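Here is a walk through a protein model, written for reading alongside the coordinates. Keep the viewer open and follow along.

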Amino acid sequence: MHFRGEQLRPDALLGETALFSHSQIWQAIDRLAEANGMSASGLARAAGLDATAFNKSKRATPHGRLRWPTTESIAKCLAATRTSLNDFTGLVHGGPGLQRAVPCIHLAAAGTSDLFDDAGRPAGDGWNRIDLLSVDDPCAYALQISGDAMMPVYRDGDTVIVSPAAPVRPGDGVVVKSGNDEILVRRLHRETGRKLELACFNPQLPMLTIERSDIKWMARIVWTSQ
DNA sequence: TTGCTCGGCCTTGCGCTCTA
DNA sequence: TAGAGCGCAAGGCCGAGCAA
């Protein structure tokens, strides 16, 4: 697992190598509080944290970005309730994921009309819907791969789940809308203050270097159905 | 009155980028 | 290569509203 200080790295917890999802972590905290006869705010206080630390309003930003508890906060909660890490892990996996329909579009059609807003979220008509389990990002959508240009990673007919709210790091698969409205599916190789290097999934194809100013939005691929 | 929740703003710490 | 500066993200603080 990777860490940013004491903070749980969301990208280490989501996607193809998922350990815990955002909703699972917060549900586990709610269950831990309930099991000890407390509310989430009561648990926070018992752990020596601010009573609002676990408020639902603080589990995501107003812009939809997911917020995660730190390992330090979780450790304090476990200490305050005399709960073992194993028991907490049981709470994390103790509930079924919620199923919901998400917008779905073919990659070949994704760049042909105004299917996205300025932040890369689905917009307008022309989307199908498919059912998925445990998608935390309310703006997540499915992209159906067409063609063999992304072999050997993605084949024709594969479906990738894209989360505009998920943080993007080098090495992640990403969907990028360029300045000329082209939809690109690449792997983020490197990013600097001004430029991004986007690698093709086919190693025989060249790296694409693109100015940030030439990118309308970029979203992370968090899950793949193959 | 007390406890809980919400929303906004501030503080703090860490990682990344840039530059000398 | 090291230090400065910046941006990001979580937790804390505070005021307001609501319910028991």
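A useful term to begin with is burial: a residue is buried when its relative accessible area is under 20%, exposed when it is over 50%, and partly exposed in between, using a 1.4 Å probe and protein chains only. What you see is a predicted model, so local features need pLDDT of at least 70 and side-chain atom pairs count only at pLDDT 80 or more, while totals for chains, interfaces and linings use all residues. Residues are numbered from 1 along each chain as its sequence is written, chains are lettered from A and ligands numbered from 1 in the order in which they are written, and side-chain values use heavy atoms, with hydrogens and water left out.

Let us start with two cysteines. Cys77 has a relative accessible area of 3%, so it is buried. Cys104, at 2% relative accessibility, counts as buried too. As for disulfides, meaning pairs of cysteine sulfur atoms within 2.5 Å, the count comes to 0.

Now step back to the whole chain. Chain A has 6 helices and 11 strands; these are DSSP runs numbered from the N terminus, with helices being H or I runs of at least four residues and strands E runs of at least two. Of its 226 residues, 42% count as buried. If contact means heavy atoms within 4.5 Å, then among the contacts in chain A between residues at least 6 apart in sequence, 58% join residues at least 24 apart.

Strand β7 (residues 173–178) is a good place to look closer. All 6 of its 6 residues are buried, so the strand is largely enclosed by the rest of the structure. In a regular strand the side chains alternate between the two faces of the sheet. Here Gly173, Val175 and Lys177 point one way from β7, whereas Val174, Val176 and Ser178 point the other way. Lys177 is worth a pause: this β7 residue is buried because its relative accessible area is 9%. Leaving aside neighbours within four places in sequence, Lys177 is in contact with Glu182, Ile183, Asp214, Ile215, Lys216 and Trp217.

From β7 you can follow a run of pairings, where two strands pair if DSSP finds at least two bridges between them. Strand β8 (residues 183–191) runs antiparallel to β7 and is joined to it by 5 bridges, with Val174 opposite Arg186. The two form a hairpin with 4 residues between them, and Asp181 in the turn has a positive phi of about 65°. Next, β8 pairs with β9 (residues 195–199) in the antiparallel sense over 4 bridges, and Arg187 stands opposite Ala199. In turn, 4 bridges join β9 to the antiparallel strand β10 (residues 208–211), where Leu208 stands opposite Leu198.

Finally, turn to the DNA. How many residues surround DNA strand C? There are 13, and the closest are Asp50, Lys58, Arg67, Thr70 and Ser73; a residue is near the strand if one of its heavy atoms lies within 4 Å of it. The residues of this surface divide into 4 nonpolar, 4 polar and 5 charged. Of the atoms of DNA strand C within 4 Å of the protein, 60% belong to sugar or phosphate and the rest to bases. On the phosphate side, a backbone N or O atom of Asp50 lies 2.9 Å from a phosphate oxygen of the strand, and a backbone N or O atom of Trp68 lies 3.0 Å from a phosphate oxygen. On the base side, an N or O atom in the side chain of Thr52 is 3.3 Å from a base nitrogen of DNA strand C.

Definitions and conventions. Polar contact = N/O pair within 3.5 Å; in protein donor to acceptor, adjacent residues only side chain to side chain. Nonpolar A, V, L, I, M, F, W, Y, C, P; charged D, E, K, R; others polar.
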